[in-house]
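Trainee: I am new to this structure and would like a close look at a single part of it. Please take me through that part slowly, with its surroundings.

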Amino acid sequence: MFKLDRNSFSSGKLSDFKIESDKYVDYTKEEKLAVFVYLQSVAYNYPVNNPPKMDKTIFSARKING
């Protein structure tokens, strides 16, 4: 399982971030998706395996005649 270290933060040059992103090049699509889902759950503070449901009452759709 992944773990986010909340105690570290860095800003730097773009070339430094290139080195960091190189480790994900060999990941499969499924592994990249798992990392994305984990980071999204951390960002929005919900359990990884239990994302919140979308409130569909906010949206409405209209049929366009034409």
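In which segment does Ile 58 lie?

Mentor: Ile 58 lies in the segment after H2, and before looking closer it should be said that this is a predicted model. To place that segment, note that the chain has 2 helices and 0 strands, and that helix H2 covers residues 29-44. Ile 58 has a relative accessible area of 62%, and because exposed means over 50%, Ile 58 counts as exposed. Together with Met 54 and Phe 59, Ile 58 forms a nonpolar patch on the surface, and the three residues have about 390 Å² of accessible area together.

The segment after helix H2 is also the place of Asn 45, which counts as exposed too, at 71% relative accessibility. Most residues other than glycine have a negative phi. Asn 45, although not a glycine, has a positive phi of about 55 degrees.

Helix H2 itself offers a contrast in Val 42, which has a relative accessible area of 17% and is buried, since buried means under 20%. Val 42 and Lys 3 are 39 residues apart in sequence, while their C-alpha atoms are 9.6 Å apart in space.

For the chain as a whole, 8% of the 66 residues count as buried, and the chain exposes about 6900 Å², of which carbon and sulfur atoms supply 57%.

Methods:
Residues numbered from 1 in each chain as written. Predicted model: local features only at pLDDT ≥ 70, side-chain atom pairs only at ≥ 80, totals over all residues. Heavy atoms only, no water. Helix = DSSP H or I, 4+ residues; strand = E, 2+ residues; numbered from the N terminus. Buried < 20%, exposed > 50% of the residue type's maximum accessible area, 1.4 Å probe, protein only. Patch = residues over 30% accessible without salt bridge, like charges linked within 9 Å, V, L, I, M, F, W, Y side chains within 5 Å. Areas by Shrake-Rupley, 256 points an atom, 1.4 Å probe, with all protein chains shown as cover. Salt bridge = Lys/Arg side-chain N within 4 Å of Asp/Glu carboxyl O.
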